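Q: I am new to this structure and would like to take a close look at a single part of it. Please go slowly and connect that part to its surroundings.

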Amino acid sequence: MRVLITGASGRMGRMLVRAVALAEDAELVGATERPGSEYVGKDAGVLAGLEPLGVPLTDDIHACATADVLIDFTAPQACLAHAAYVAKHQM
């Protein structure tokens with residue numbers, strides 16, 4: 001399963017990155033953070049306390065690879081935008 005995590009630099013986002021990275025049947029293919037975040041460009045694995053995963057945080061969800069599922073740990077307004085993204089991409 002290809003997974004995209006929004007809000008990946010927060011406490012829960014980092015825990016989710018770790019869980020996906022350690023899961024045998026999942027692959028992290030994208031990680032986002034809010035525009036202007038100091039974490040944009042940093043590797044999601046490193047932020048989660050792991051080896052680099054080759055997945056840099058981005059502030060543009062459209063720049064992420066195609067995923068099977070999106071896990072959202074953001075603010076309510078961002079969550080609504082992500083729900084629209086999921087509907088549009090039939091995730």
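Where in the chain does P52 lie?

A: The model is a predicted one, and everything below should be read with that in mind. P52 lies in the loop between α2 and β3. Helix α2 covers residues 44-47, and strand β3 covers residues 69-72.

We can begin with P52 itself and then move to its surroundings. P52 counts as exposed because its relative accessibility is 55%, and the cut-off for that word is over 50%. If residues up to four places away in sequence are left out, P52 touches D43 and V46. A further distance helps to place P52: its C-alpha atom is 9.4 Å in space from that of K42, a residue ten places apart from P52 in sequence.

Of the two residues that P52 touches, D43 deserves a longer look. D43 has its place in another loop, the one between β2, which covers residues 27-32, and α2. When residues up to four places away in sequence are not counted, D43 touches E51, P52, L53, G54, V55, P56 and L57, and the contact between D43 and P52 thus appears from the side of D43 as well. Two residues in this list are also reached by polar atoms of the D43 side chain. The backbone nitrogen of L53 lies 2.8 Å from a polar atom of that side chain, while the backbone nitrogen of V55 is reached by the side chain of D43 at 3.3 Å.

Is D43 buried or exposed, and what is its nearest side chain of opposite charge? D43 is buried, yet it has no salt bridge, and the nearest side chain of opposite charge, that of R14, is 11 Å away. A salt bridge needs a side-chain nitrogen of Lys or Arg within 4 Å of a carboxyl oxygen of Asp or Glu. The picture around P52 is therefore one of an exposed proline in contact with a buried aspartate.

The loop that holds P52 also holds T66, which is found between α2 and β3 as well. T66 is exposed, because its relative accessible area is 63%. Leaving aside neighbours within four places in sequence, T66 is in contact with R2 and V29. The C-alpha atoms of T66 and H89 are separated by 8.8 Å, although these two residues are 23 residues apart along the chain.

Through R2, this loop leads us to the salt bridges of the model, of which there are two. In one of them, the side chains of E27 and R2 meet, with 3.8 Å from N to O. E27 lies in strand β2 and R2 in strand β1, which covers residues 2-6, so this pair ties together parts that are 25 residues apart in sequence. Both partners are partly exposed: R2 has a relative accessibility of 31%, and E27 has a relative accessible area of 43%. The side chains of R34 and E33 also meet in a salt bridge, here at 3.9 Å from N to O. In this pair, R34 counts as exposed at 54% relative accessibility, whereas E33 is buried, with a relative accessible area of 14%.

Strand β3, on the other side of the loop, can be approached through D72. The side chain of D72 makes a polar contact of 2.4 Å with the side chain of H82, a residue found in helix α3. H82 is buried, with a relative accessible area of 13%, and apart from its neighbours within four places in sequence it is in contact with T6, I61, L70, D72 and T74. L80 has its place in helix α3 too, a helix that covers residues 76-88, but L80 is exposed, with a relative accessible area of 63%. The C-alpha atoms of L80 and G49 are 29 Å apart in space, while the two residues are 31 residues apart in sequence.

A last comparison concerns L22, which lies in helix α1 and is exposed, with a relative accessible area of 67%. L22 and L50 are 28 residues apart in sequence, and their C-alpha atoms are 9.8 Å apart in space.

Definitions and conventions: Residues numbered from 1 in each chain as written. Predicted model: local features only at pLDDT ≥ 70, side-chain atom pairs only at ≥ 80, totals over all residues. Heavy atoms only, no water. Helix = DSSP H or I, 4+ residues; strand = E, 2+ residues; numbered from the N terminus. Buried < 20%, exposed > 50% of the residue type's maximum accessible area, 1.4 Å probe, protein only. Lys, Arg positive; Asp, Glu negative; His and termini not counted. Polar contact = N/O pair within 3.5 Å; in protein donor to acceptor, adjacent residues only side chain to side chain. Contact = heavy atoms within 4.5 Å.
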